[in-house]
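Okay, thanks for having me. I've got a few minutes, so let me bring the thing up on screen and then walk you through some spots in it.

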Amino acid sequence: MKKHFKFQPLKSWWGGLKHLFEKFTFFNKFKDRIKRIFEPSGRGTCSLQQPTDFLGFPKDSQQSPTIKILVAYHKPAPLIQNDIYTPIHVGRMICQLPSKDGELSQNDLKWLTSNMIGDNTGDHISHLNRYFCELTAHYWAWKNYNTLGNPEYIGFSHYRRVLPYDFSNLNDDTDIYTLCIKWNGSTNGKSCEQHDILEHIVYNFQTTQPDMYRIGQAYLASDRGYYCNMFVMKKELFFDFCKWIFPILMQNGNFEPRGVGYIAERLTGIWITYQKQQGKIIKELWKIDIKNTNESLKELSEHHIPFIPLDSMS
């Protein structure tokens, strides 16, 4: 006798299917996660309890730390700029006075003021840029840090040189990223035009900072160093650095053009070396020299450094 298939009510079919799925651990976990997404927070409303993806699984709560890198400019050049890199016009307060590069044209001034912030707002030393060089950007960042969004890392580069590193995903334990250069011969101190003042500063560390004196002597005699006042470091270290270096420069600077900048360059290297010996994790990097050429700009692209060629800007 031929048997006829009988359709069961939909409810019965769903009950059997539900029973089958409940046998699987994944279903139970999935069901629990769905329940945790929406919990009653009041009559007729629901609230999100934790960050989740569209299936209700928790998202990875670990995010890359925030970072800002100021890129110092004093004339038009390929523009390096995105959410991480912020161009800054150094010496804006005195930019229309004659300098080693001559006088700044009105067109160049318009380009600079239209494309970047200046170091002449808030608490600043923009008027000392002829002596402090890019350190006026360091000082401005220190004194106006919240203007940058209070990032966890802060860094500095130049319009013509940058660190070849992708800083968009900082997930290691590095405290300081910095430029390291090896010289042909011990030129750390001798190449500095203000080396007499520099040696005097380091000598005075004997009584005030003995460890810094010892490190300073060895650093100035070495054939490698941390140059160009270029680095990326944690916010807390940056504040410690500024509290250390700026009083020294203000008290001992021989205010000749670029003189304080040269001294600061060597003192920065001494301070970073000290931090390394104190157990801080230092990542030593090379540099990219930027020119408005296809080869130079290609190298920037390869290292994920954003730029706009100068000849493409109006």
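I'll talk about helix packing, then a pocket of contacts around one glutamate, then the cysteines.

One thing up front: this is a predicted model, so please hear everything in that light.

Let's start with helix 9, residues 259-277. Two packed helices are described by the angle between their axes and the distance between the axes, so that's how I'll go through its partners.

Partner one is helix 6, residues 195-208. Its axis and that of helix 9 come within 10 Å, and they cross at roughly 35 degrees. The crossing is right-handed. On the helix 6 side, the contact is made by Ile 197, Leu 198, Ile 201, Val 202 and Phe 205. Helix 9 brings Ile 263, Arg 266, Leu 267 and Ile 270. If you sort that contact by class, you get eight nonpolar residues, no polar ones and one charged.

Partner two is helix 7, residues 210-220. Here the angle with helix 9 is about 115 degrees, and the axes are 9 Å apart. Helix 7 also passes helix 9 in a right-handed crossing. From helix 7 the contact takes in Asp 211, Met 212, Arg 214, Ile 215, Gly 216, Tyr 219 and Leu 220. Facing them from helix 9 are Arg 266, Gly 269, Ile 270, Trp 271, Thr 273, Tyr 274 and Gln 277. The split for this one is seven nonpolar, four polar and three charged. And if Arg 266 and Ile 270 sound familiar, they were in the helix 6 contact and they turn up in the helix 7 contact as well.

While we're on helix 9, have a look at Gln 275, which sits in that helix. Is Gln 275 buried or exposed? Its relative accessibility is 9%, so it counts as buried. Leaving out residues up to four places away in sequence, Gln 275 touches Ile 176, Leu 237 and Lys 280.

Now over to Glu 134. You'll find it in the loop between helix 4 (129-132) and helix 5 (135-143). With 16% relative accessibility, Glu 134 is buried, because the cut-off is under 20%. What does Glu 134 touch, neighbours within four places aside? Ala 72, Asn 129, His 158, Cys 228 and Asn 229. His 158 is 24 residues from Glu 134 along the chain, and their C-alpha atoms are separated by 8.1 Å. With Asn 229, the side chain of Glu 134 makes a polar contact of 2.6 Å.

That takes us to strand 9, residues 224-234, where Cys 228 is found, and Asn 229 too. Both are worth a click for their backbone. Cys 228 has phi near 70 degrees, a positive value in a residue other than glycine. Asn 229 has a positive phi as well, near 55 degrees, and again isn't glycine. Cys 228 counts as buried at 11% relative accessibility, and Asn 229 counts as buried at 2%.

Last stop, the cysteines. Cys 133 is buried, with a relative accessible area of 10%, and Cys 242 is buried at 0%. How many disulfides does a search of the whole structure find? Zero.

That's my tour, so shout if you want any of those spots back on screen.

Notes:
Residues numbered from 1 in each chain as written. Predicted model: local features only at pLDDT ≥ 70, side-chain atom pairs only at ≥ 80, totals over all residues. Heavy atoms only, no water. Axes fitted to C-alpha atoms, helices over the stretch in contact; angles between N-to-C directions. Helix = DSSP H or I, 4+ residues; strand = E, 2+ residues; numbered from the N terminus. Left-handed = near helix turned anticlockwise from the far one by under 90°. Contact = heavy atoms within 4.5 Å. Nonpolar A, V, L, I, M, F, W, Y, C, P; charged D, E, K, R; others polar. Buried < 20%, exposed > 50% of the residue type's maximum accessible area, 1.4 Å probe, protein only. Disulfide = S-S within 2.5 Å. Polar contact = N/O pair within 3.5 Å; in protein donor to acceptor, adjacent residues only side chain to side chain.
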